[in-house]
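Here is a short report on one structure. Look at the sequence and the fold before reading on.

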Amino acid sequence: MPQLEAKDVTLRFGGVVALDSLSFTAAPDSITALIGPNGAGKTTLFNVVTRLYEPNLGSVLLDGQELLTTKAHDIAQLGIARTFQNLALVPGLTVLDNVMIGEHSSTTGGFLISLAGLQFLGREQAARRRGMELLDRLGLAQYAKSPAAGLPFGTLKRIELARALASNPTTLLLDEPASGLTHSEVDELGGLIRSIRDEFKLTVLLVEHHMGMVMEISDRVVVMEFGRKIAEGDPATVRADPVVIEAYLGAS
C-alpha cells in the first residue's frame, strides 16, 4: 500500500485549473519528487495534502485513509509535516523554541501555555530534550539559545527542517528546501535528506527546482505541467522522456 496517494485531484480557482485530475503515489520510506515549471501546481498539491486548500474533485489517501475529511489543524497528528518555500520561522523566538513549535503542533496542548509553564510541564521538558537532540543531529546545537533573526539563510533552512522533524512525522513534505542555497549547501542538503529519510523512516515528498539534487536522491519523479502529470517514473526514465525534455528540462 502506498504511504500517500493522490487520486484524480482537481482544484480550480475561478476559471483557472490549478490541479487537473492529478494522480500519483508515494511509497513508504521513499523520496518522491514533484518537478515542473513555476505554476505547474506543485505547492498547490502540498496545500491540498495539508488541508489548506479544498479540491473540487478527487481523493488523497494516507495509509489508505482519506485525508480530505481531516481538518488542517489535525494534519500534524496524523504524521504529516512540511517545510515552506518561504521560511515560516518566528524571528523573535530562539532557535530551540522555533523547533519546539513543531513538537507542540502534533499534540493537543497549546505552545504558549506550555512555554508559560501553566501545564504539561513534563511534556515541555521532553520537548526541549527532543528539540536539542534534533538541533544536535542537524549541526545546529550552538544556535539553540540564539534568536532566529539574523542567522544565515542556509542555517534557517535547517532550523525549519528540525522543526518539521520535531512533530515525529511519518510523511515529510519539503517545499523547495534548496532554494537560496549555495552549490555546496545544495550538495550537503541532498545527503541530509537521504540520511534523515533512512534514520527516521520517512516518506518524503519533495518539490524542488535543483534537478541535480532531484535526480540524485529521488526514488521516483512526478513531472507536472499546468496542473497535469505529464510523466512519472524513476529518475533515469524521466530524464530520458522526450515529453519531459521538451516541456521542462530543455530540448538541448
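## Thr83 and its contacts

The side chain of Thr83 comes to 3.4 Å from the backbone nitrogen of Asp175. This structure is a predicted model. Thr83 itself sits in a loop, between strand S6 (80-82) and helix H2 (95-105).

Thr83 has a relative accessible area of 4%. That value is under 20%, so Thr83 counts as buried. Leaving aside residues up to four places away in sequence, Thr83 touches Glu160, Leu161, Ala164, Leu173, Leu174 and Asp175. Asp175 is thus on the contact list of Thr83, and its backbone nitrogen is what the Thr83 side chain reaches.

## Arg82 and Asp175

Asp175 also takes part in a salt bridge, with Arg82. The closest N and O atoms of this pair are 3.6 Å apart. The bridge joins distant parts of the chain: Arg82 lies in strand S6 and Asp175 in strand S7 (residues 171-175), 93 residues apart.

Are these two residues buried or exposed? Arg82 is buried, at 10% relative accessibility. Asp175 is buried as well, at 1%.

## Arg128 and Asp97

How many salt bridges does a search of the whole structure find? The number is twelve. One of the salt bridges is between the side chains of Arg128 and Asp97, with an N to O distance of 3.4 Å. This pair too links distant parts of the chain. Arg128 belongs to helix H4 (residues 121-137), Asp97 to helix H2, and 31 residues separate them.

The two partners fall into separate classes of exposure. Arg128 is partly exposed, with a relative accessible area of 34%. Asp97 is buried, at 11%.

## A network with Arg197

Arg197 and Asp198 form a salt bridge through their side chains. The N to O distance is 2.6 Å. Asp198 is partly exposed, with a relative accessible area of 44%. Arg197 is buried, and its value is 11%.

Which residues are linked in a network of salt bridges? They are Arg197, Asp198 and Asp219.

## Points to look for

Begin at Thr83, in the loop that follows strand S6 and leads to helix H2. From the Thr83 side chain, go to the backbone nitrogen of Asp175. Asp175 then leads to Arg82 through their salt bridge. Next, find helix H2 and helix H4, which hold Asp97 and Arg128. Finish at the network of Arg197, Asp198 and Asp219.

Conventions
Residues numbered from 1 in each chain as written. Predicted model: local features only at pLDDT ≥ 70, side-chain atom pairs only at ≥ 80, totals over all residues. Heavy atoms only, no water. Helix = DSSP H or I, 4+ residues; strand = E, 2+ residues; numbered from the N terminus. Buried < 20%, exposed > 50% of the residue type's maximum accessible area, 1.4 Å probe, protein only. Polar contact = N/O pair within 3.5 Å; in protein donor to acceptor, adjacent residues only side chain to side chain. Contact = heavy atoms within 4.5 Å. Salt bridge = Lys/Arg side-chain N within 4 Å of Asp/Glu carboxyl O.
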